[in-house]
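Please look through the sequence and the model below before reading on. The paragraphs that follow go through the structure one part at a time.

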Amino acid sequence: MTAEIIDGKAFAAGLRAQVGEEVAALKARHGLKPGLAVVLVGEDPASQVYVRNKARQTVEVGMASFEHRLDVATPQAELLALVERLNRDPEVHGILVQLPLPDQIDTAKVLDAIDPAKDVDGFHVINAGLLATGQKAMVPCTPLGCYMLLKERIGDLSGLEAVVVGRSNIVGKPMAQLLLQANCTVTVAHSRTRDLPGVCRRADILVAAVGRPEMVRGDWVKPGATVIDVGINRIPAPERGEGKHRLVGDVAFEEAREVAGAITPVPGGVGPMTIACLLANTVTAACRAHGVDEPKALAA
Ligand SMILES: NC(=O)C1=CN([C@@H]2O[C@H](COP(=O)(O)OP(=O)(O)OC[C@H]3O[C@@H](n4cnc5c(N)ncnc54)[C@H](OP(=O)(O)O)[C@@H]3O)[C@@H](O)[C@H]2O)C=CC1
Ligand SMILES: Nc1nc(=O)c2c([nH]1)NC[C@@H]1CN(c3ccc(C(=O)N[C@@H](CCC(=O)O)C(=O)O)cc3)C=[N+]21
Ligand SMILES: [Mg+2]
(Lines give C-alpha, C1' and ligand atoms only; values in the text may rest on other atoms or scores of the structure.)
(Ligands and ions follow the chains in the order given, each with its own letter.)
Protein backbone atom coordinates (compact mmCIF):
# COMPACT_ATOMS: atom_id res chain seq x y z
CA MET A 1 0.00 0.00 0.00
CA THR A 2 1.22 3.49 -0.78
CA ALA A 3 0.15 6.42 1.37
CA GLU A 4 -2.06 9.23 0.26
CA ILE A 5 0.01 12.41 0.13
CA ILE A 6 -1.58 15.16 2.22
CA ASP A 7 -1.31 18.31 0.11
CA GLY A 8 -0.63 21.00 2.69
CA LYS A 9 0.25 23.48 0.00
CA ALA A 10 -3.19 23.19 -1.61
CA PHE A 11 -5.01 23.18 1.74
CA ALA A 12 -3.07 26.29 2.77
CA ALA A 13 -4.00 28.04 -0.48
CA GLY A 14 -7.67 27.33 0.28
CA LEU A 15 -7.30 28.65 3.81
CA ARG A 16 -5.59 31.81 2.54
CA ALA A 17 -8.47 32.34 0.10
CA GLN A 18 -10.92 32.11 3.04
CA VAL A 19 -8.78 34.57 5.00
CA GLY A 20 -8.88 36.90 2.00
CA GLU A 21 -12.68 36.76 1.94
CA GLU A 22 -12.89 37.52 5.65
CA VAL A 23 -10.49 40.45 5.25
CA ALA A 24 -12.60 41.86 2.42
CA ALA A 25 -15.76 41.48 4.54
CA LEU A 26 -14.13 43.24 7.52
CA LYS A 27 -13.19 46.14 5.29
CA ALA A 28 -16.62 46.41 3.68
CA ARG A 29 -18.66 46.04 6.89
CA HIS A 30 -16.44 47.60 9.52
CA GLY A 31 -13.79 49.65 7.69
CA LEU A 32 -11.24 47.44 9.41
CA LYS A 33 -7.92 46.35 7.88
CA PRO A 34 -6.11 43.65 9.90
CA GLY A 35 -2.37 44.30 10.28
CA LEU A 36 0.52 41.94 11.05
CA ALA A 37 3.90 43.10 12.35
CA VAL A 38 6.89 40.78 11.96
CA VAL A 39 10.12 41.45 13.81
CA LEU A 40 13.36 39.88 12.64
CA VAL A 41 16.55 40.29 14.65
CA GLY A 42 19.69 39.38 12.71
CA GLU A 43 20.24 37.91 9.29
CA ASP A 44 19.60 34.18 9.61
CA PRO A 45 19.05 33.27 5.91
CA ALA A 46 16.27 30.72 6.62
CA SER A 47 14.42 33.26 8.77
CA GLN A 48 14.75 35.85 6.00
CA VAL A 49 13.02 33.49 3.55
CA TYR A 50 10.13 32.86 5.98
CA VAL A 51 9.77 36.54 6.79
CA ARG A 52 9.68 37.46 3.10
CA ASN A 53 7.06 34.75 2.40
CA LYS A 54 4.95 35.91 5.33
CA ALA A 55 5.06 39.55 4.23
CA ARG A 56 4.10 38.65 0.64
CA GLN A 57 1.21 36.41 1.66
CA THR A 58 -0.02 38.96 4.22
CA VAL A 59 -0.34 41.60 1.50
CA GLU A 60 -1.87 39.08 -0.94
CA VAL A 61 -4.84 38.45 1.39
CA GLY A 62 -5.40 42.21 1.74
CA MET A 63 -3.90 42.77 5.18
CA ALA A 64 -1.32 45.36 6.20
CA SER A 65 2.22 44.06 6.70
CA PHE A 66 4.75 45.83 8.92
CA GLU A 67 8.29 44.52 8.82
CA HIS A 68 10.92 45.43 11.39
CA ARG A 69 14.47 44.26 10.74
CA LEU A 70 16.90 44.84 13.58
CA ASP A 71 20.64 44.39 13.74
CA VAL A 72 21.90 41.09 15.20
CA ALA A 73 23.53 43.05 18.07
CA THR A 74 20.31 44.86 19.07
CA PRO A 75 20.14 45.17 22.88
CA GLN A 76 17.20 43.48 24.60
CA ALA A 77 15.88 46.84 25.89
CA GLU A 78 15.57 48.11 22.34
CA LEU A 79 13.63 45.02 21.21
CA LEU A 80 11.34 45.32 24.24
CA ALA A 81 10.74 49.00 23.40
CA LEU A 82 9.73 48.04 19.85
CA VAL A 83 7.33 45.38 21.16
CA GLU A 84 5.77 47.97 23.50
CA ARG A 85 5.27 50.33 20.57
CA LEU A 86 3.62 47.60 18.50
CA ASN A 87 1.41 46.68 21.48
CA ARG A 88 0.09 50.28 21.49
CA ASP A 89 -0.23 50.65 17.69
CA PRO A 90 -3.93 50.39 16.73
CA GLU A 91 -3.06 49.38 13.14
CA VAL A 92 -1.18 46.31 14.41
CA HIS A 93 -3.44 43.39 15.38
CA GLY A 94 -0.82 40.66 15.30
CA ILE A 95 2.83 40.64 16.39
CA LEU A 96 5.33 37.92 15.51
CA VAL A 97 8.93 37.99 16.76
CA GLN A 98 10.86 35.57 14.59
CA LEU A 99 12.76 32.86 16.53
CA PRO A 100 15.49 32.01 17.31
CA LEU A 101 16.71 35.27 18.84
CA PRO A 102 20.39 36.12 19.36
CA ASP A 103 22.04 35.10 22.63
CA GLN A 104 22.00 38.51 24.34
CA ILE A 105 18.21 38.33 24.33
CA ASP A 106 16.02 36.47 26.82
CA THR A 107 13.45 34.87 24.49
CA ALA A 108 10.81 34.19 27.15
CA LYS A 109 10.98 37.79 28.36
CA VAL A 110 10.40 39.14 24.85
CA LEU A 111 7.56 36.72 24.06
CA ASP A 112 5.82 37.56 27.34
CA ALA A 113 6.12 41.31 26.60
CA ILE A 114 3.79 40.87 23.61
CA ASP A 115 0.17 41.79 24.33
CA PRO A 116 -1.48 38.32 24.59
CA ALA A 117 -4.34 39.60 22.42
CA LYS A 118 -1.82 40.37 19.62
CA ASP A 119 0.23 37.19 20.17
CA VAL A 120 -0.65 35.51 16.85
CA ASP A 121 2.12 32.92 17.39
CA GLY A 122 0.40 31.82 20.62
CA PHE A 123 3.74 31.69 22.46
CA HIS A 124 2.83 33.97 25.42
CA VAL A 125 2.48 32.13 28.76
CA ILE A 126 -1.11 33.38 28.97
CA ASN A 127 -2.00 31.75 25.65
CA ALA A 128 -0.11 28.55 26.53
CA GLY A 129 -2.05 28.45 29.81
CA LEU A 130 -5.40 29.13 28.14
CA LEU A 131 -4.75 26.32 25.65
CA ALA A 132 -3.64 23.89 28.37
CA THR A 133 -6.81 24.61 30.39
CA GLY A 134 -9.12 24.28 27.39
CA GLN A 135 -10.02 27.98 27.15
CA LYS A 136 -10.19 30.29 24.14
CA ALA A 137 -6.55 30.97 23.22
CA MET A 138 -4.36 32.07 20.36
CA VAL A 139 -3.18 28.66 19.15
CA PRO A 140 0.42 28.30 17.84
CA CYS A 141 0.34 28.26 14.04
CA THR A 142 2.29 25.07 13.30
CA PRO A 143 0.27 22.76 15.59
CA LEU A 144 -2.93 24.48 14.44
CA GLY A 145 -2.01 23.76 10.83
CA CYS A 146 -1.22 20.12 11.65
CA TYR A 147 -4.53 19.80 13.47
CA MET A 148 -6.47 21.21 10.51
CA LEU A 149 -4.81 18.69 8.17
CA LEU A 150 -5.67 15.84 10.57
CA LYS A 151 -9.31 16.92 10.88
CA GLU A 152 -9.60 17.19 7.11
CA ARG A 153 -8.07 13.76 6.57
CA ILE A 154 -9.55 11.77 9.47
CA GLY A 155 -12.58 13.67 10.77
CA ASP A 156 -13.32 12.48 14.33
CA LEU A 157 -10.03 11.88 16.17
CA SER A 158 -11.67 10.45 19.33
CA GLY A 159 -9.92 7.48 20.87
CA LEU A 160 -7.03 7.42 18.42
CA GLU A 161 -3.48 6.81 19.66
CA ALA A 162 -1.42 9.93 18.92
CA VAL A 163 2.35 10.07 19.36
CA VAL A 164 4.09 13.45 19.19
CA VAL A 165 7.87 13.22 18.90
CA GLY A 166 9.32 16.47 20.30
CA ARG A 167 8.28 18.55 23.32
CA SER A 168 9.17 22.13 22.40
CA ASN A 169 6.96 24.96 23.59
CA ILE A 170 6.30 26.04 20.01
CA VAL A 171 5.41 22.71 18.39
CA GLY A 172 5.39 19.51 20.48
CA LYS A 173 3.61 20.69 23.64
CA PRO A 174 0.82 22.69 21.98
CA MET A 175 0.35 19.88 19.43
CA ALA A 176 -0.18 17.45 22.30
CA GLN A 177 -2.72 19.84 23.88
CA LEU A 178 -4.76 20.06 20.68
CA LEU A 179 -4.77 16.27 20.22
CA LEU A 180 -5.78 15.77 23.85
CA GLN A 181 -8.63 18.22 23.39
CA ALA A 182 -9.70 16.21 20.34
CA ASN A 183 -9.91 13.12 22.61
CA CYS A 184 -6.83 11.31 21.36
CA THR A 185 -4.74 9.23 23.73
CA VAL A 186 -1.55 11.26 23.58
CA THR A 187 2.07 10.24 24.13
CA VAL A 188 4.79 12.88 23.96
CA ALA A 189 8.21 11.41 23.15
CA HIS A 190 11.59 13.17 23.35
CA SER A 191 15.33 12.58 23.48
CA ARG A 192 15.09 10.54 26.71
CA THR A 193 12.30 8.28 25.50
CA ARG A 194 13.14 4.57 25.71
CA ASP A 195 12.40 2.48 22.61
CA LEU A 196 11.29 5.38 20.43
CA PRO A 197 10.62 3.11 17.43
CA GLY A 198 8.31 0.95 19.56
CA VAL A 199 6.48 3.99 20.92
CA CYS A 200 6.00 5.38 17.41
CA ARG A 201 4.65 2.02 16.15
CA ARG A 202 1.65 2.41 18.50
CA ALA A 203 0.55 5.61 16.76
CA ASP A 204 -2.55 5.98 14.62
CA ILE A 205 -1.41 9.62 14.35
CA LEU A 206 2.35 10.20 14.33
CA VAL A 207 3.62 13.79 14.50
CA ALA A 208 7.37 14.25 14.08
CA ALA A 209 8.76 17.59 15.36
CA VAL A 210 12.34 16.75 16.19
CA GLY A 211 14.69 18.70 13.94
CA ARG A 212 16.65 15.60 12.88
CA PRO A 213 16.65 14.88 9.14
CA GLU A 214 14.77 11.65 8.27
CA MET A 215 15.10 10.24 11.79
CA VAL A 216 11.71 8.48 11.78
CA ARG A 217 12.12 5.35 9.65
CA GLY A 218 9.52 3.44 7.69
CA ASP A 219 9.49 0.53 10.15
CA TRP A 220 8.58 2.94 13.00
CA VAL A 221 5.24 3.59 11.30
CA LYS A 222 2.12 1.52 12.04
CA PRO A 223 0.52 0.33 8.79
CA GLY A 224 -2.19 2.78 7.78
CA ALA A 225 -1.15 5.51 10.23
CA THR A 226 -1.43 9.22 9.44
CA VAL A 227 2.04 10.79 9.54
CA ILE A 228 2.53 14.54 9.99
CA ASP A 229 6.11 15.64 9.33
CA VAL A 230 6.81 19.03 10.91
CA GLY A 231 10.57 18.93 10.35
CA ILE A 232 12.22 21.46 8.07
CA ASN A 233 15.85 20.46 7.61
CA ARG A 234 18.17 21.93 5.00
CA ILE A 235 20.73 19.31 4.01
CA PRO A 236 23.54 19.33 1.43
CA ALA A 237 22.47 18.06 -2.01
CA PRO A 238 25.67 17.64 -4.03
CA GLU A 239 23.66 15.74 -6.67
CA ARG A 240 22.02 19.08 -7.49
CA GLY A 241 25.37 20.77 -7.93
CA GLU A 242 28.14 22.11 -5.79
CA GLY A 243 27.00 23.90 -2.63
CA LYS A 244 23.30 23.11 -3.28
CA HIS A 245 20.86 22.14 -0.54
CA ARG A 246 17.45 20.52 -0.32
CA LEU A 247 14.71 20.41 2.31
CA VAL A 248 13.86 17.17 4.09
CA GLY A 249 11.56 16.44 7.00
CA ASP A 250 12.09 14.50 10.22
CA VAL A 251 10.57 11.43 8.53
CA ALA A 252 12.26 9.20 5.92
CA PHE A 253 9.53 9.99 3.41
CA GLU A 254 10.14 7.30 0.77
CA GLU A 255 10.19 4.55 3.42
CA ALA A 256 7.25 5.86 5.42
CA ARG A 257 4.97 6.33 2.42
CA GLU A 258 5.12 2.55 1.78
CA VAL A 259 3.58 1.90 5.20
CA ALA A 260 1.49 4.92 6.21
CA GLY A 261 -2.12 5.55 5.22
CA ALA A 262 -1.40 9.22 4.64
CA ILE A 263 1.64 11.44 5.00
CA THR A 264 2.61 15.10 4.64
CA PRO A 265 5.53 15.87 2.30
CA VAL A 266 8.39 18.32 2.94
CA PRO A 267 8.25 20.82 1.37
CA GLY A 268 4.56 21.33 0.63
CA GLY A 269 3.09 19.92 3.84
CA VAL A 270 3.05 21.61 7.22
CA GLY A 271 5.20 24.65 6.27
CA PRO A 272 2.63 26.43 4.08
CA MET A 273 -0.08 25.67 6.69
CA THR A 274 1.96 27.50 9.34
CA ILE A 275 1.89 30.73 7.37
CA ALA A 276 -1.80 30.38 6.43
CA CYS A 277 -2.66 29.86 10.12
CA LEU A 278 -0.64 32.93 11.04
CA LEU A 279 -2.82 34.98 8.68
CA ALA A 280 -5.97 33.34 10.08
CA ASN A 281 -4.87 34.14 13.66
CA THR A 282 -4.29 37.75 12.66
CA VAL A 283 -7.87 38.04 11.36
CA THR A 284 -9.11 36.44 14.59
CA ALA A 285 -7.07 38.93 16.65
CA ALA A 286 -8.42 41.88 14.65
CA CYS A 287 -12.01 40.67 15.16
CA ARG A 288 -11.50 40.25 18.90
CA ALA A 289 -9.86 43.70 19.17
CA HIS A 290 -12.88 45.33 17.52
CA GLY A 291 -15.64 43.21 19.06
CA VAL A 292 -16.58 41.69 15.69
CA ASP A 293 -17.78 38.05 15.46
CA GLU A 294 -14.85 35.74 14.67
CA PRO A 295 -14.99 33.64 11.51
CA LYS A 296 -15.46 30.03 12.71
CA ALA A 297 -13.74 28.52 9.67
CA LEU A 298 -10.42 30.06 10.68
CA ALA A 299 -10.12 28.46 14.13
CA ALA A 300 -9.30 25.01 15.52
N1 LIG B 1 6.87 23.45 9.39
C2 LIG B 1 6.93 24.49 10.19
O3 LIG B 1 6.20 25.45 10.01
C4 LIG B 1 7.86 24.50 11.34
C5 LIG B 1 8.85 23.56 11.36
N6 LIG B 1 9.69 23.47 12.42
C7 LIG B 1 10.66 22.37 12.38
O8 LIG B 1 10.22 21.36 13.29
C9 LIG B 1 11.31 20.72 13.90
C10 LIG B 1 11.19 20.83 15.40
O11 LIG B 1 11.20 22.19 15.76
P12 LIG B 1 11.22 22.66 17.32
O13 LIG B 1 10.10 22.00 18.04
O14 LIG B 1 11.32 24.11 17.31
O15 LIG B 1 12.62 21.99 17.77
P16 LIG B 1 13.36 21.95 19.18
O17 LIG B 1 14.78 21.75 18.88
O18 LIG B 1 12.93 23.07 20.05
O19 LIG B 1 12.78 20.61 19.84
C20 LIG B 1 13.12 19.35 19.34
C21 LIG B 1 12.50 18.26 20.19
O22 LIG B 1 12.89 17.01 19.63
C23 LIG B 1 13.45 16.19 20.65
N24 LIG B 1 14.53 15.37 20.12
C25 LIG B 1 15.73 15.77 19.64
N26 LIG B 1 16.47 14.71 19.27
C27 LIG B 1 15.73 13.61 19.51
C28 LIG B 1 15.94 12.23 19.35
N29 LIG B 1 17.09 11.75 18.85
N30 LIG B 1 14.96 11.40 19.71
C31 LIG B 1 13.80 11.87 20.22
N32 LIG B 1 13.54 13.17 20.40
C33 LIG B 1 14.49 14.03 20.06
C34 LIG B 1 13.97 17.12 21.71
O35 LIG B 1 13.99 16.42 22.94
P36 LIG B 1 14.46 17.07 24.34
O37 LIG B 1 13.34 17.97 24.76
O38 LIG B 1 14.62 15.90 25.22
O39 LIG B 1 15.72 17.81 24.05
C40 LIG B 1 12.96 18.27 21.65
O41 LIG B 1 11.87 18.03 22.49
C42 LIG B 1 12.54 21.38 13.28
O43 LIG B 1 12.93 20.63 12.16
C44 LIG B 1 12.03 22.74 12.83
O45 LIG B 1 12.78 23.27 11.77
C46 LIG B 1 9.56 24.29 13.50
C47 LIG B 1 8.59 25.26 13.52
C48 LIG B 1 7.69 25.48 12.42
N1 LIG C 1 8.04 33.34 15.94
C2 LIG C 1 8.18 32.34 15.05
N3 LIG C 1 7.09 31.75 14.52
C4 LIG C 1 7.21 30.75 13.60
O5 LIG C 1 6.19 30.20 13.13
C6 LIG C 1 8.52 30.35 13.19
C7 LIG C 1 9.62 31.01 13.75
N8 LIG C 1 9.42 31.98 14.68
N9 LIG C 1 10.88 30.64 13.40
C10 LIG C 1 11.12 29.64 12.38
C11 LIG C 1 10.01 28.63 12.28
C12 LIG C 1 9.96 27.89 10.97
N13 LIG C 1 8.74 28.30 10.33
C14 LIG C 1 8.36 27.95 9.03
C15 LIG C 1 7.33 28.58 8.36
C16 LIG C 1 7.03 28.28 7.06
C17 LIG C 1 7.73 27.32 6.38
C18 LIG C 1 7.41 27.02 4.96
O19 LIG C 1 6.62 27.70 4.34
N20 LIG C 1 8.03 26.01 4.36
C21 LIG C 1 7.86 25.64 2.96
C22 LIG C 1 9.16 25.67 2.20
C23 LIG C 1 9.92 26.97 2.30
C24 LIG C 1 11.32 26.85 1.72
O25 LIG C 1 11.44 26.45 0.55
O26 LIG C 1 12.29 27.15 2.45
C27 LIG C 1 7.35 24.19 2.87
O28 LIG C 1 7.57 23.43 3.83
O29 LIG C 1 6.77 23.85 1.86
C30 LIG C 1 8.73 26.66 7.04
C31 LIG C 1 9.04 26.96 8.36
C32 LIG C 1 8.08 29.15 11.13
N33 LIG C 1 8.72 29.36 12.25
MG1 LIG D 1 18.21 33.43 23.39
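In this predicted model, the element that gives the most to the shell around ligand 1 is helix α10, residues 270–289, with three residues. The shell as a whole has 26 residues, and the closest to ligand 1 are Gly166, Ser168, Ser191, Gly211 and Thr274. Sorted by class, these surroundings of ligand 1 comprise 12 polar, 10 nonpolar and four charged residues.

Two of the residues to look at next are neighbours in the sequence. Gly166, one of the closest residues to ligand 1, sits in the loop that joins β5 (161–165) to α7 (172–181). Arg167 is in the loop between β5 and α7 as well. An unreviewed UniProt entry places the feature "binding site" at Gly166, Arg167, Ser168 and Ile232.

Is Gly166 buried or exposed? Gly166 has 23 other C-beta atoms within 10 Å, and because a residue with 20 or more counts as buried, Gly166 is buried. Arg167 has 18 other C-beta atoms within 10 Å and is therefore partly exposed. Apart from neighbours within four places in sequence, the contacts of Gly166 are Val171, Gly172, His190, Ala209 and Val210. With the same kind of neighbours left aside, Arg167 is in contact with Gly172, Lys173, Val188 and His190.

The next topic is the nonpolar core. In general, nonpolar side chains of soluble globular proteins tend to be buried together. Here the largest nonpolar core has 90 residues, and Val164, Val165, Leu206 and Val207 are those with the most contacts inside it. Helix α10 supplies the largest share of this core, 12 residues. Domain 1 (30–123) and domain 2 (141–271) each give at least three residues to this core. Which residues does Val164 touch, not counting those up to four places away in sequence? They are Gly172, Met175, Ala176, Val186, Val188, Ala189, Val207 and Ala209. Val207 in this list is also among the residues with the most contacts inside the core.

The domains can now be taken as a pair. The chain is divided into domain 1, residues 30–123, and domain 2, residues 141–271. Their centres, taken over C-alpha atoms, are separated by 27 Å. Four residues from domain 1 and five residues from domain 2 make up the contact. On the side of domain 1 that touches domain 2, two residues are nonpolar, one is polar and one is charged.

Where does ligand 2 lie? Ligand 2 lies between domain 1 and domain 2, because both give residues to the shell around it. That shell has 19 residues, and the closest to ligand 2 are Leu99, Pro267, Gly268, Gly271 and Thr274. Thr274 is also listed with the closest residues to ligand 1. By class, the shell around ligand 2 divides into 12 nonpolar, six polar and one charged residues. At least two residues of this shell come from each of α2 (45–60), β4 (94–97), α6 (141–154) and α10. The largest share, four residues, is from α10.

Helix α2, one of the elements that supply the shell around ligand 2, holds Gln48. With 14 other C-beta atoms within 10 Å, Gln48 is partly exposed. Gln48 and Val270 are 222 residues apart in sequence, and their C-alpha atoms are 18 Å apart in space.

A further UniProt annotation, again from an unreviewed entry, covers residues 6–121 and reads "domain: Tetrahydrofolate dehydrogenase/cyclohydrolase catalytic". Over residues 6–121 the chain is 51% helix and 16% strand. The end C-alpha atoms of this stretch are 24 Å apart.

The last residue to visit is Glu258, found in the loop between α9 (253–256) and β11 (262–263). Glu258 counts as partly exposed, with 14 C-beta neighbours inside 10 Å. Neighbours within four places in sequence left aside, Glu258 is in contact with Thr2 and Gly218. How many residues apart in sequence are Glu258 and Glu4? They are 254 residues apart in sequence, and 9.9 Å apart in space from C-alpha to C-alpha.

Technical notes: Residues numbered from 1 in each chain as written. Chains lettered and ligands numbered in written order. Predicted model: local features only at pLDDT ≥ 70, side-chain atom pairs only at ≥ 80, totals over all residues. Near = placed C-beta within 6 Å. Nonpolar A, V, L, I, M, F, W, Y, C, P; charged D, E, K, R; others polar. Core = buried A, V, L, I, M, F, W, Y, C linked by C-beta atoms within 7 Å. Buried ≥ 20, exposed ≤ 12 C-beta atoms within 10 Å, placed from the backbone. Domains from an automatic or database assignment. Contact = placed C-beta atoms within 7 Å. UniProt positions renumbered as here; feature names shortened; annotations may be inferred.
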